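Work through these exercises with the structure open. Try each task before you read its solution.

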Amino acid sequence: MTAAVAVEEQGRVTGQVAEVFRSYQGEGLLLGKRQVFVRLAGCTVGCRYCDTEWALGSVADVAVPRCTEEAGEEAETPTRLQNPLTVEQVLELVERVDPGGTSAVSLTGGEPLEQPDFARALCAALAPRDVMLETAGLDAVALAHVAPHLRWVSCDLKLPSATGRAGVLDEHAAVLASGALDGLEVFYKLIVDGDVGRDEVARAANLLSSYAPGASVFLQPVTPLGGSPALPREQLDPFVDILAAAGLEVRVVPQVHKVLRVR
Ligand code: SF4
C-alpha cells in the first residue's frame, strides 16, 4: 500500500476500540518486551478461558474505550473516548501512552480480524512502529488483508474443547493452506487446560507439521477462568512430547504478565 492510500483509509475507516495502554508482553515470542497494546473490541470465537470477557460479542455491541497511561497501572483519570474511533484518534492514544517512543504495537483483542478494514488502516498508519497481530487465526481473507502491514503474527491454535467449535482445527487448516501467513514472522500459541485431550494436541501438532514445519509453538497452561480447569502437571510432559515429535519448536510459557501483575 502506498502512503497516499493509507492516509485515505485513515480518513474514512473507524473502529471499535476497547483500550490502548503500554505494558510488557506476557506471552509468546516477544515475551518481556515493552509494547503498546491496542485492543480492539469484539470477538465471536467463544473461548471459555477468555480473559477479556468485556471485549466479547459482536463488534456492534462493544463498550466504551479507555486509555491507560502507564505500565500495569490504571490512570486515575483515564481518557475515555466514545466509539467508534478514527485511526487518527488511535494514533494519538498510542503517542500519549508511549510519547516519542518506538515500542512495537501489539494489535490485540478481542479479535482484531473481525474489523479487517480498520485493522489494516491502523497497521499501515502505525509505521514506522512494528506491529504484531494477536489473532485466533480463523479468517484467511481478513488475515491476508492486514498482512502487508505486519511484522509478527501471534496465531492461536484453538481447540474444540475450549471453543465448542467441533471443526475449529479444520478452520485453522484452511487458513494455513491459504498462504495468508506466508512471509510473516509467525509463532503459534496453544492454550491447554485440564480438559484438553492428547488427541486434540496431536491433531494440532499434525496440522502445524504439515503446513508450518518446525514452527515455534508456545504451549501455555491455562490461567483458570470461566470454568476452564487448570492443567494437571502430569499432562504437561505428554503434550510437549507430542509437539516435539512432530518436529515443532515447543516452549512452555504461562501468562507472565499475570505473574508480573501488569496488564
Ligand atoms: S479468541 Fe481471544 S478474545 Fe476471542 S474468545 Fe478466545 S481468548 Fe477471548
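**Exercise 1.** How many bridges join β6 to strand β7, and do the two run parallel or antiparallel?

*Solution.* This is a predicted model. Start at strand β7, residues 131-135. Three bridges join β6 to β7, and the two strands run parallel. Now find a residue pair: Ser-106 stands opposite Met-132 in β7. Then follow the chain. From β6 it passes through α3 to β7, and this β-α-β crossover is right-handed.

**Exercise 2.** Find the bridges between strand β3 and β6, then decide whether β6 is mostly covered.

*Solution.* Take β3 at residues 34-40. Five bridges join β3 to β6, again in a parallel run. For one pair, look at Arg-39: the bridge partner of Arg-39 in β6 is Thr-108. Next, check burial along β6, residues 104-108. Four of its five residues are buried, so β6 counts as mostly covered.

**Exercise 3.** Which helix gives the largest share of the largest nonpolar core?

*Solution.* The core has 71 residues. Among the members that touch the most others are Val-20, Val-217 and Leu-243. Helix α3, residues 116-126, supplies the largest share, eight residues. Now zoom in on Leu-243. Leaving aside neighbours within four places in sequence, Leu-243 is in contact with residues including Val-201, Val-217 and Val-250.

**Exercise 4.** Sort the shell around the ligand by class.

*Solution.* List the surrounding residues, including Cys-43, Cys-47, Cys-50, Gly-109, Gly-110 and Glu-111. Then sort the shell: six residues are nonpolar, four polar and one charged. Glu-111 is in the shell, and Glu counts as charged.

Methods:
Residues numbered from 1 in each chain as written. Predicted model: local features only at pLDDT ≥ 70, side-chain atom pairs only at ≥ 80, totals over all residues. Near = placed C-beta within 6 Å. Core = buried A, V, L, I, M, F, W, Y, C linked by C-beta atoms within 7 Å. Buried ≥ 20, exposed ≤ 12 C-beta atoms within 10 Å, placed from the backbone. Contact = placed C-beta atoms within 7 Å. Pairing = 2+ DSSP bridges. Right-handed = clockwise from strand over helix to strand, strands pointing away.
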